[in-house]
Amino acid sequence: MFVGKGKNIMKKLVGFLISCSLLVSCTSSSVEVKSEVENSPISIVTTTGMIGDLLDILLPEEFKVTRLMKAGVDPHYYKATQGDLVLMQKADLIVYNGLHLEGKMTEIFEKLSRRKKVLAVTGALPENRLRKTSEFATGIDPHVWFDVALWSTICEDVAKELVVYYPNWAVKIEENKNRYIDELSALNSEIIVALSSIPQERRVLLTAHDAFAYFGRAYDIDVRGLQGISTSTEYGIKDIEDAVDLIIEKEIKAVFVESSVSPKALQAVVEKCNSKGHDLVIGGELFSDSMGEENTKEGTYIGMLRHNVETIVTALK
Amino acid sequence: MDFLDLNFVWISLSALLIAIPCSLVGVFLVLRKMAMLGDAISHAVLPGIVIAYYFSDSYQSIPMLLGAASVGLLCTYLIETFNKVGRLQEDASIGVTYTWLFALGVVMISFMNDNVDLDQDCVLYGEIAYVPLDTLSIFGALIPRAVVNGSFLTTLIALLLIVGFKGFKLTTFDPVYATAIGISITFWHYLLMGMVSTVTILSFESIGAILVLAFLVIPPAIAYLLTNRLMSMIYLSMVFSLVAVILGYILAYKINSSISGAIASILALEFLVVFIGLQIFKILRRRATKVSYSN
């Protein structure tokens, strides 16, 4: 008796599956026609704002660059919407960071690259310029944009690829690249000068998670993250104790919160320091995994770095 | 009807091919008061992922799935053992097991000097929006991997359920009688747990955690409110899933939101509508009987 009813489910299931596959074959032909009609401007999709900004600068106006991750989004926990799927399908080129910054999405990009133009901006970086975080092959710090010289190399790499993809605009892309490389090198010297006004022993940057290691390496700052490289690992009690000891020992005046990470752990550190009689303030908000709102000063790569450096210098000097 | 394209077909099909096996096992979980098992497994797999990462040194799906599946099975085994041998209540043994396993995973990550980027979200949980992007070529046709996996999963679970329907039914409703006529409660219990573990972990990888957990519990719960017959409960549960998949996709399309979020929200809405509707129906019927009494 029971078996008979079971067969019934199976029958309905099979029927349902067949009707679904019929639906597929009916709709699939109409979809392809639709996408061919519109072909200008050429659509480029990027994951983070930093990459979006770079492509906006390099490419002439015949291209439209769309950023999937808006301001304040943690790339790790980015949740795609229905519209994002369509954007990626219609994009002529998809550009992402790589080094597992985009988490599980990375795997999708790698698979897509067999059928579509997909570019990882960190893909061509030589291994010796990347920062290893553990003995694992995959343990590489993805926050490459905080070293302006490294970002400059990325700019060159990306421009090289763009010229291959879009040879018709090669001259324009080269021009834009050269101008931007100059701007970046000016920015680099500006940062070095600004940070040198902080006394050497007070150059300690303590933030919620470990996004600023490249920044520290490039500009000789002792960077400490409470949380480790991923925003998902939890901070331990000992992490907070260690941070408090370090702050008191080095007489640090400020710690910093990040735009895309919860400030809770840092507030704990501040409270603990203040209760031990050491004056510590939250020195301001730094942009780490995402930039400011689009069309504001902090919504560009250069503006974002300037904001970070100003905040750090004002608070630590 | 402008939402009707290939994306709609693939995404709703993959969602449905996961909703069906979820309903099939979810009905029994709800009836056995073990609805939180799926949630427990979603947390408990963490140490499996850490071990898989340690040995494979990559973020690839296959080792992650293997690691997650073995710990998922271990988790269900431990829950059963605590329950049967230790005589701990079912909910308490679920609570003990998964918190402990999750904590173990967190400690293991700390041991790997805090600098690896590892959790379920970034290495295991898929995203339903990417289903049409991740395809396999089968006889020249590009079919999303999630649809292939889902078909396999649906067939497997449906077959197991058809073959073992009597066992599942008897051990769920009348374990005493089942034991009396020589049906092993333990066997059917472990089989069901193994099925839940397989369904949830494979589905997490295809379409993400929240949606799977919603499919596992909400449609069977709605059906439970409406019927007290097992077969109708299974059918109703599938129908509610189907409606939620389609309405959810349209909602996500209209307001450009996360698809899994929209489908899960529609499921919750269905539950609320049924729940409130039933209460209103009860009040009306009570009034009607009062009226007929007074007449």
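In this predicted model, strand β1 (residues 42–46) of chain A runs parallel to strand β2 (residues 63–67) of chain A, and five bridges join the pair. Within this pairing, T46(A) faces R67(A) of β2(A). The connection between the two strands involves helix α2 (residues 49–58) of chain A: β1(A), this helix and β2(A) together constitute a right-handed β-α-β unit. β1(A) also pairs with strand β3 (residues 93–96) of chain A, again in the parallel sense, over three bridges. Here V45(A) has I94(A) in β3(A) as its bridge partner.

**Chain A as a whole**

Chain A contains ten helices and eight strands. It has 317 residues, of which 41% are buried. When contacts between residues at least 6 apart in sequence are considered, 64% of those in chain A connect residues at least 24 apart.

Two individual positions illustrate the exposed part of the chain. K90(A) belongs to helix α3 (residues 82–90) of chain A. Because 12 other C-beta atoms lie within 10 Å of K90(A), and the limit for an exposed residue is 12 or fewer, this lysine is classed as exposed. K90(A) and L280(A) are 190 residues apart along the chain, and their C-alpha atoms are separated by 50 Å. The second position, N295(A), is found in the loop between β8 (281–286) and α10 (301–316) of chain A. N295(A) has 7 C-beta neighbours inside 10 Å and therefore counts as exposed. Its phi is positive, at about 65°, although N295(A) is not a glycine. Most residues other than glycine have a negative phi.

**Chain B: overall form and contacts**

Chain B is built with 13 helices and two strands. For its 295 residues, a compact globule would be expected to have a radius of gyration near 19 Å; the value for chain B is 21 Å, so the two agree. Taken along the principal axes, the box filled by the C-alpha atoms of chain B is roughly 80 × 55 × 40 Å. Buried residues account for 49% of the 295 residues in chain B. Of the contacts in chain B between residues at least 6 apart in sequence, 72% link residues at least 24 apart.

**Helix α4 of chain B**

Helix α4 (residues 61–84) of chain B has 24 residues, and at 1.5 Å a residue these should span 34 Å; the C-alpha atoms at its ends are 34 Å apart, so the expected span and the model agree. The buried residues of α4(B) include P63(B), M64(B), L65(B), G67(B), A68(B) and A69(B), and further along V71(B), G72(B), C75(B), T76(B) and I79(B). The cover over these buried positions includes α2 (37–44), α3 (46–56), α5 (90–111), α6 (120–123) and α10 (185–207) of chain B.

**The hairpin of chain B**

Strand β1 (residues 135–138) of chain B pairs with strand β2 (residues 141–144) of chain B in the antiparallel sense, over four bridges. In this pairing S137(B) is opposite L142(B) of β2(B). The two strands form a hairpin with two residues between them. F139(B) lies in the loop between β1 and β2 of chain B. Its phi is positive, at about 50°, although F139(B) is not a glycine. With 5 C-beta neighbours inside 10 Å, F139(B) falls under the limit of 12 or fewer and therefore counts as exposed.

The strand pairings described above are collected here.

| Strand pair | Sense | Bridges |
|---|---|---|
| β1(A) and β2(A) | parallel | five bridges |
| β1(A) and β3(A) | parallel | three bridges |
| β1(B) and β2(B) | antiparallel | four bridges |

**Confidence**

The model has an ipTM of 0.80 and a pTM of 0.82. For chain A the mean pLDDT is 83, with 83% of its residues reaching 70 or more. Residues 1–6 of chain A stay under 50 in pLDDT, and the model has nine contacts beyond four places in sequence for them. The pLDDT is also below 50 over residues 25–37 of chain A, a stretch with eight contacts in the model beyond near neighbours in sequence. Where pLDDT is low, the predicted coordinates should not be read in detail.

Chain B has an average pLDDT of 90, and 97% of its residues score at least 70. Confidence in chain B is lowest in α6(B), with a mean of 75, and highest in helix α12 (residues 230–255) of chain B, with 96. Helix α6(B) is also among the elements that cover the buried residues of α4(B).

Terms used. Residues are numbered from 1 along each chain as its sequence is written. Chains are lettered from A and ligands numbered from 1 in the order in which they are written. This is a predicted model: local features need pLDDT of at least 70, side-chain atom pairs count only at pLDDT 80 or more; totals for chains, interfaces and linings use all residues. Two strands pair if DSSP finds at least two bridges between them. A crossover is right-handed if, with the strands pointing away from the viewer, the path from the first strand over the helix to the second runs clockwise. pLDDT is the predictor's confidence in each residue, from 0 to 100. Two residues are in contact if their C-beta atoms, placed from the backbone, lie within 7 Å. The radius of gyration is taken over C-alpha atoms; the globule rule is 2.2 Å times the number of residues to the power 0.38. A residue is buried if 20 or more other C-beta atoms lie within 10 Å of its own, exposed if 12 or fewer, and partly exposed in between; C-beta atoms are placed from the backbone. The expected span of a helix is 1.5 Å times one less than its number of residues.
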